[in-house]
Amino acid sequence: MITDEVTELLRAGFTWRESDGVRALVCTPLEQAGFANAFSTRLGGVSPFQQDALNLAGFNEDEAENIYENRRRFLRLFAGEWTLTSCWQVHSADVRTVRDLEDARHDTMHCDALVTNVPRLLVGVKTADCVPIILGDRRTGACAAVHAGWRGTVASILPRAVERMRAEYGTRPEDLCAAIGPAAGACCYEVGDEVIEAFAEKFPHAAHLFTPTRAGHALVDLHRANREQLLAAGVSNEQIHTAPLCTMCRTDIFFSYRREKALHGRTGRLMAVIGLGS
Ligand SMILES: [Zn+2]
C-alpha cells in the first residue's frame, strides 16, 4: 500500500522528503530545474492539533510561538539560509511581486499569489483544502506560489500569476514547470449551487468539472480546473505535475478545513513554497 503510494507519487513527479520528523512533498522536476520547493504535511511540529502538528499559519487558532517554531523546523528541509515570505490570503485575483528581501517583510499584504526572481527567497501560500500551485520558469529563474480555492479558481488567479511573470520577467508559458499540490479532491469536495453557478457563469464549458451528488450539490475537481487553466495559458502538459493526494481523505498527513474545522473547531494550515536556489 505504502509502496504503491510512493510509486504513484514518483510517476506524478513527487517525492517525500524528511528531516527531524518533518515530512514534505517535493516536486522533483522543479527541483532539478533549480527551484527549492516543498508542500508541507502536518507531521513533525509542536502544535497541539492532535499531537506534534506542523501548523504553519492561522494565528487566531494557535500560539504564535508554535507557528514560528514550526516554520523554523519546516525551513530546515532546505540547505543554507532562506527567507520565507507569504501574504494575507483573501480568495482574490490579486498577485504581488516581491522585488527584494526588504519587500519580503511585507508579508501581511492582501493577495493570493506571489511572484519573485530573488534568489534564496521562498514565496509561500497557506492552505487547508484549497489548491496550492507553484510555478518555476526554467529559463529566467522566476517563480510563483498561488492559492486557489474555488473562488480563486473562478477568478483565474493562476493565469493571472502566469501573466504577471510574463510582464515582470518575460516568462514564456512554454518555459514553465508547474506543481499542483495536495488539496480537497474530486473524491470529497462537495459544493452547492452557488459554486456550480459561479463556474458556469465564468466558464461555459465547466460542466465536466462537476459530478452531481444530491439535489443542488456536486463534487468539484479543482485540481483539474487549475490544470486546464495552465494548459489554456500555454503551459505544456508534460510540465504540469499534480500530486495525487486529497487533503480530506488523508487527514493522517494533511490538515483539512472541511474535515476538521467542524469536528474540532479549528485546524492547522499547510504551506507550499518555492524559491530560486538549491
Ligand atoms: Zn478525498
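Seven aromatic pairs turn up in this structure, which is a predicted model. Two of those pairs get a closer look below, followed by a pair of arginines parked over rings, a zinc site built from cysteines, and helix H7.

**Aromatic pairs**

- Phe-74 and Phe-78 meet edge-to-face, with 6.0 Å from centre to centre and 85 degrees between the ring planes.
- Both partners are tucked away: Phe-74 is buried, and Phe-78 is buried too.
- Add Trp-82 to Phe-74 and Phe-78 and you have one aromatic cluster.
- Phe-199 and Phe-203 make a tilted pair, because their planes sit at 50 degrees, with the ring centres 6.1 Å apart; the tilted class covers angles that are neither under 30 nor over 60 degrees.
- Within that pair, Phe-199 has 0% relative accessibility and so counts as buried, whereas Phe-203, at 24%, counts as partly exposed. The cut-off for buried is under 20%.

**Arginines over rings**

- Arg-23 places its charged end over the ring of Trp-16, 4.7 Å from the ring centre.
- Over at Phe-49, the face of the ring is covered by Arg-266, at 4.3 Å from the ring centre.

**The zinc site**

- Four cysteine sulfurs hold the zinc ion: the SG atoms of Cys-187, Cys-188, Cys-246 and Cys-249, at 2.2 to 2.3 Å.
- The site is tetrahedral, and the angles among the four donor atoms run from 103 to 117 degrees.
- For reference, the ideal angle for four tetrahedral donors is 109.5 degrees.
- Reading along the chain, the donors of the zinc ion are spaced as C-C-x57-C-x2-C.
- One of these donors, Cys-188, has a relative accessible area of 17%, so Cys-188 counts as buried.

**Helix H7**

- H7 covers residues 222-232, and its buried residues are Leu-222, His-223, Ala-225, Asn-226, Gln-229 and Leu-230.
- Look down the axis of H7 and those buried residues fall within an arc of 170 degrees, which means they line one face of the helix.
- That kind of pattern is easy to picture, because an α-helix has 3.6 residues a turn and residues three or four places apart point the same way.
- At the start of H7, Asp-221 reaches in with a side-chain oxygen, coming within 3.4 Å of the backbone nitrogen of His-223.
- After H7 comes Gly-234, with a positive phi near 105 degrees.

Note on methods. Residues numbered from 1 in each chain as written. Predicted model: local features only at pLDDT ≥ 70, side-chain atom pairs only at ≥ 80, totals over all residues. Heavy atoms only, no water. Donors = N, O, S within 2.8 Å, 3.2 Å for Na, K, Ca; no water. Tetrahedral: all angles 85-135°; square planar, octahedral: opposite > 155°, others 65-115°. Buried < 20%, exposed > 50% of the residue type's maximum accessible area, 1.4 Å probe, protein only. Helix = DSSP H or I, 4+ residues; strand = E, 2+ residues; numbered from the N terminus. Arc of directions from axis to C-beta. Polar contact = N/O pair within 3.5 Å; in protein donor to acceptor, adjacent residues only side chain to side chain. Phe/Tyr/Trp six-rings, centres within 6.5 Å; stacked < 30°, edge-to-face > 60°. Lys NZ or Arg CZ within 6 Å of the ring centre and 35° of its normal.
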